[in-house]
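Thanks for asking me to look through this one with you. Here are my notes, written for someone opening the structure for the first time.

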Amino acid sequence: MTRLLPFIGFLLLAGLLGFGIWWNTGHDQTAIPSPLINKPAPDFKLPLLYEPAQTVSRASLMGKPYLLNVFASWCIECGVEHPVLQAEAPTLGVALVGYNYKDAPDDAKAWLATHGNPYSVLMADTSGQTAIDFGVYAAPESFLVDAHGVIRYKHIGPITMDVVNDELKPAIASLQQEPH
Amino acid sequence: MTPELGQIALILALLLALAQSILPIIGAWRNNSAMMAVARPAAFGQGFFVVLAFVLLVWAFLRFDFSVQYVADNSNLALPWYYRITAVWGAHEGSMLLWIFILNVWTLALALFSRQLPEAFAARVLGVLGIISVGFIAFILFTSDPFGRLLPMPPDGGDLNPVLQDPGMTFHPPVIYMGYVGFSVAFAFSIAALLGGELEQAWVRWARPWTNIAWAFLTCGIVAGSWWAYAELGWGGWWFWDPVENASFMPWLVGTALIHAQAVTEKRGSLRAWTILLSIFAFSLSLLGTFLVRSGVLTSVHSFASDPRRGLFILCFLIFVVGGSLLLYALRAPKVAGGKPFAVVSRESAILVGNLMFTVAAAMVLLGTLFPLIGDALNLGKISVGPPYFGLLFPLLMLPIVLLLPFGPYLRWGKGEPQVLKRVMLRALLAAVACAVVAAFFVDGKLKAIAGVAAAVWVAVGVLLYIVKRWREMPRGRRYPAEMAGMLFAHAGVAIFLIGVLLSESLSATSDVRMAPGDTKQIGGYDFRFDGVHETQGPNWRADQGTVMVTRNGEPVAVMHPQKRTYTREQIQTESAIDPGVTRDLYVALGEPMDKEHIDGAWALRLYYKPFIRWLWFGGLMMMLGGFVSAGDRRFRVRRPANADAPEPVGAALLSETRA
């Protein structure tokens, strides 16, 4: 019997590998599902980048949908998506809320001065605490939050034109069709 | 026309492989010499056609035959000829052809050098290799054809993955395949022994040089891969516990256990079933590695374009080969614990402990590698384990090995002498403690570094004392037979490796800095002055090239030129600049420009000071050398019975007959 053990162990392994093939035909490996989709956005209260005396919170943004974009001046990929945000922010149909992540305020301001500022609201979190609550693991990430403060869509990585047209705009359109 | 010839050559090779696998095995079973005699000519024929197919693919690359899809995908007119040859194994289809090519190199070598083996045994060994060949050639022909046409033919092709456009990388895949595929020989020997119900252990002695050579190649391949990761990826690390690194490391761990277990079985007759099981494991893990890289089941920096059909094919083949051989093992493995008895303090026990640790370590790496899959299967969501898991468990498992390693040679087979051992241990311990105390002053009391010095001295003193002992006690000419010399080389390599790993891990200094031209940053006592970036041009790339002047106390040390290359097809690849040294490497990687419009301005740079890092590859190369030297021992070549003190086994008479 003990001599059968390696064989039995191998069968288990083969079963696991077979499962792996089956699973991968139906799932995208790189997609990390967010447990936050269709859940209320985490509570936050953050100062504005340009007027640190004023704060923005989840409650103060309620009532209208918005796209929360996590970015930083040190983040290379953010430079990739920035021109797209610049061009598309006016046509999105929702407010673009910037969340400046773990950045020195002066660096962020200098970066925005060079690349332009597409954000209608721009808050700064030098500690990165809110990002932890949102489950951000790398900038850039973007969250579409509806009028009731519920996260409806999440995108990891830079927003490209393809993402805007194929995912973001349809997601916004479906929000706007819902009864308020 | 030539690509079609390549395809035909592969089909003929498949047919010959079928002949090589079926006829000799049936022949050996039915005791039919004519059928067994098919093995060698079929192997030579298969080898001829596989080499032909390989050469035709090389030819297609050299001639820029972009009508071949694979050539068009992986090369272009600007690619220099030597990288066009590398491109042959630069992607999935061609690398499978390389796999088959190397399997045939091993098969041909075995067909040539197995004439002194008993007829039936050699027939079975070649037959098993034929089965493996059938599986892989069928895999190429049915799922991954490198000769597929692309019509209309494009005027120019894509590009070879820029990661592979590096001299070191040219040799990494062939060498690592030599190792991984080479374990098929030890595997075939074990299966042949199970099929034939071999009672003698003679086959283990025949298998040993093959296993040692395969292990040495695998060691070399892993060292080369680690060196490449260090030099090319720009992260300054040398091992990342990436799934594909693990895929080559698991067979290495089991292979290391195997070469030691084979020594026990050959010399003492014990651990017979275990040696067979390890041969099966080592090759199974090589196959598993192939599966993991090509099925897309796990994501990794090395992943080839994945395709579930391919994964399914390899999985079925894996089940057939590994499942079949483990079932055979369950049915036919030697039931009686054979061999000479051994005491608790004996060389056998020491090797057994080492074996256990290597096997558990391989299982631990396997578990860690498959963890994301287990997570999916048990519906636990996305989980994976990273360096913290491996980094904690692996050293713990290796600790007993490092402690035992220098003393294995002192222990006698059967029953060791604790007295001798105590004396040697005391000396090694004193030396290790003394060196650790001295070292403590130089490394700011960093524990890991002190432990590294102590462990390395412990191993090195044990090895040195044994060299001295042999010198004193044995007559000239019999002091260091190749088998022992190889063992001593490899064990000394472990000492050097330990220095490299523990000192570089604990004493390295890193800095991610933004530097404007003229800025200076000090790390590890070296001043790095950034002199700006300018553009430069290569044969098929352009690059932003930085200049970094390194000085120490005002004395110039090196001028370094890290690059960020953009290849023909816009793929970007960093080329770190490394100033190598015996006691330290200086390493600079170019990050991003602060302002993309002005590359002559400030840049993000990553600076490293890495003490003793070179030692870890040097130690690895010494282990490799040890494997090759051991394999060259005369004992493995000269025909004589396995046990000099046992009566001549019947096989010996038959052996000389077959030879005549």
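The numbered points below go through the sheets, the cores, a helix pair and a few single residues.

1. A word before we start: this is a predicted model. Please keep that in mind with every point that follows.

2. Let's begin with chain A, where five strands make up an open sheet. Reading across the sheet, their order is E5-E4-E3-E6-E7, and the pairing is mixed. At the edges sit strand E5 (121-125) and strand E7 (151-156) of chain A, each of which pairs on one side only. On average, neighbouring strands here are turned by 20° against each other, direction ignored.

3. Now zoom in on one pair from that sheet. Strand E6 of chain A covers residues 141-145 and pairs with E7(A) in the antiparallel sense, over five bridges. If you would like a residue to look for, try Leu144(A), which stands opposite Tyr153(A) in E7(A).

4. Which residues touch the most other members of the largest nonpolar core? They are Ala186(B) and Val254(B), in a core of 216 residues. Helix H9 of chain B (residues 202-233) gives the most to this core, with 19 residues. Leaving out residues up to four places away in sequence, Ala186(B) touches Ala207(B), Trp210(B), Thr211(B), Ala214(B), Leu258(B), Ser279(B), Ala282(B) and Phe283(B). There is also a second, separate core of 38 residues, which includes Phe44(A), Leu68(A), Val70(A) and Leu144(A). You have met Leu144(A) already, as the residue opposite Tyr153(A).

5. Next comes a helix pair in chain B. Helix H7 (residues 119-143) and helix H8 (residues 167-196) of chain B pack with their axes 8 Å apart, at an angle of about 125°. H7(B) and H8(B) are therefore oblique to each other, and their crossing is right-handed. On the H7(B) side, the contact is made by residues including Phe121(B), Val125(B), Leu129(B) and Ile132(B). From H8(B), the contributors include Ala188(B), Phe189(B), Ile191(B) and Leu195(B).

6. While you are at helix H8 of chain B, have a look at Gly182(B), which has its place there. Is Gly182(B) buried or exposed? It is buried, because 29 other C-beta atoms lie within 10 Å, and 20 or more are enough for a residue to count as buried. Setting aside neighbours within four places in sequence, Gly182(B) is in contact with Trp106(B), Ile213(B), Ala214(B) and Phe217(B). Ala214(B) is also one of the residues that Ala186(B) touches. The C-alpha atoms of Gly182(B) and Pro152(B), 30 residues apart along the chain, are separated by 40 Å.

7. Further along chain B there is a hairpin to enjoy. Strand E6 (residues 563-567) of chain B runs antiparallel to E7(B), and four bridges join them. Gln563(B) stands opposite Glu575(B) in E7(B). Four residues lie between the strands of this hairpin, in which Glu570(B) takes a positive phi near 65°. Along strand E7 of chain B (residues 572-575) the side chains alternate: Gln573(B) and Glu575(B) point to one face and are buried, whereas Ile572(B) and Thr574(B) point to the other and are not.

8. Chain B also has an open sheet of four strands, with the order E1-E10-E9-E8 and antiparallel pairing. Its edge strands are strand E1 (509-515) and strand E8 (577-579) of chain B, each pairing on one side only. Neighbouring strands are turned by 15° against each other on average, direction ignored. Three bridges link E8(B) with strand E9 of chain B (residues 584-593), again in the antiparallel sense. Within that pair, Ile578(B) has Tyr587(B) in E9(B) as its bridge partner.

9. Finally, two loop residues deserve a visit. Phe64(B) has a phi near 55°, a positive value in a residue other than glycine. Phe64(B) lies in the loop between helix H3 (39-62) and helix H4 (69-74) of chain B, and is partly exposed, with 17 other C-beta atoms within 10 Å. Asn553(B) likewise has a positive phi without being glycine, near 50°. Its loop runs between strand E4 (541-552) and strand E5 (555-560) of chain B. Asn553(B) is exposed, because it has 8 other C-beta atoms within 10 Å, and 12 or fewer count as exposed.

Terms used: Residues are numbered from 1 along each chain as its sequence is written. Chains are lettered from A and ligands numbered from 1 in the order in which they are written. This is a predicted model: local features need pLDDT of at least 70, side-chain atom pairs count only at pLDDT 80 or more; totals for chains, interfaces and linings use all residues. Two strands pair if DSSP finds at least two bridges between them. Axes are lines fitted to C-alpha atoms, for helices over the stretch in contact, and angles run from 0 to 180 degrees between N-to-C directions. A nonpolar core is a set of buried Ala, Val, Leu, Ile, Met, Phe, Trp, Tyr and Cys residues joined through C-beta atoms within 7 Å. Two residues are in contact if their C-beta atoms, placed from the backbone, lie within 7 Å. Angles under 35 degrees count as roughly parallel, over 145 as roughly antiparallel, 65 to 115 as roughly perpendicular and the rest as oblique. A crossing is left-handed if the near helix is turned anticlockwise from the far one by less than a right angle, and right-handed if clockwise.
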